[in-house]
Every structure is written in C-alpha cells, then in structure tokens.
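Student: I would like to learn how to read strands, backbone angles and charged pairs in a model. Can we take them in turn?

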Amino acid sequence: QVQLVESGGGLVQAGGSLRLSCLASGRTFRSDTMGWFRQTPGKEREVVAWITRSAGSTYYADSVKGRFTISRDNAKTTVSLQMHSLQPEDTAVYYCAATSSSGAFDYWGQGTQVTVSS
C-alpha cells in the first residue's frame, strides 16, 4: 500500500511564499511521476505541476509558471512544491499524487489547505 502525506499548507498574505512537501511510503513504492494538484469548492481538481523520476522532466500549469517550482529528493520518495508570489486565486486544497504502474495518478494524499489573503 502506498501512502502519501502532505505538509506545509497554511495561511499567507498575497505575495508571500509557502513550501509544500509530500512524503511517500510503501514497500514497493517506485512511482515514476509525482505531482501536485489543487481543488477549490465547485471546481474540478486541476494539475499544478508534476515531475518524473527517470529524467526529472517537469510540467507546470500556465497559471503557476515562473512562480512555483517542483522538486524531488535523491531517494525519490519526497516531492516538494515551492510557491512564490502567491495570489488569492491560488487558494485551494493541494493534493500530492503519484502514478502507479499503469501510469495514471492512482495514489493520492489527503490534501493540505493553502489560503492566500488579499
């Protein structure tokens, strides 16, 4: 069983920064891609960023490019999201996710709230 546990959410003023972390555990955890998604009430969950294990390739949603940076540690079991220049529209529950052998994001964390005040 793979478990993902997020940390680092909170309340910040517009223009501020936060760093989210996600620790993955599980005896056979070797997920190729880990990423961050976010969701606000009444809206679908959207991808924020992801990073691959093999090549370290990254993807960012247009709305966060230049402000957010995703990274993985050398042991490949932690993924972080450094967020700068936060805006009220970044307010959401942020979820860590990891792909299974199928390539789909089948593993999810419980979510962490990020609130940006204006």
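Student: Which residue is the bridge partner of T99 in β10?

Tutor: Keep in mind that this is a predicted model. The partner of T99 in β10 is F105.

Student: In which sense do β9 and β10 pair, and over how many bridges?

Tutor: They pair in the antiparallel sense, over 3 bridges. β10 covers residues 105-108.

Student: How many residues lie between β9 and β10 in the hairpin?

Tutor: There are 5 residues between the two strands. Look at G103 in that turn: its phi is positive, about 90°.

Student: What sign of phi do most residues other than glycine have?

Tutor: A negative one. Now turn to S85, which is not a glycine and yet has a positive phi, near 50°.

Student: Where is S85 found?

Tutor: In the loop between β8 (78-83) and β9 (92-99).

Student: Is S85 buried, partly exposed or exposed?

Tutor: Its relative accessible area is 37%. Buried needs under 20% and exposed needs over 50%, so S85 counts as partly exposed.

Student: Next, charges. When can side chains of opposite charge pair?

Tutor: When their charged atoms come close. The working cut-off is 4 Å, from a side-chain nitrogen of Lys or Arg to a carboxyl oxygen of Asp or Glu. By this rule the model has 4 salt bridges.

Student: What is the N to O distance between R38 and E46?

Tutor: It is 2.7 Å, and their side chains meet in a salt bridge. Check burial on each side. R38 has a relative accessible area of 7%, so R38 is buried. E46 is at 37%, so E46 is partly exposed.

Student: Which residue forms a salt bridge with R67?

Tutor: D90 does, with the closest N and O atoms 2.8 Å apart. This pair links distant parts of the chain, 23 residues apart. R67 sits in the loop between β6 (58-60) and β7 (68-72), while D90 sits in the loop between β8 and β9. Both R67 and D90 are buried.

Student: Which residues are linked in a network of salt bridges?

Tutor: R38, E46, R67 and D90.

Student: And how far apart, N to O, are D62 and K65?

Tutor: The distance is 3.1 Å, in a salt bridge between their side chains. D62 has a relative accessible area of 64%, so D62 is exposed.

How values were computed. Residues numbered from 1 in each chain as written. Predicted model: local features only at pLDDT ≥ 70, side-chain atom pairs only at ≥ 80, totals over all residues. Heavy atoms only, no water. Helix = DSSP H or I, 4+ residues; strand = E, 2+ residues; numbered from the N terminus. Buried < 20%, exposed > 50% of the residue type's maximum accessible area, 1.4 Å probe, protein only. Pairing = 2+ DSSP bridges.
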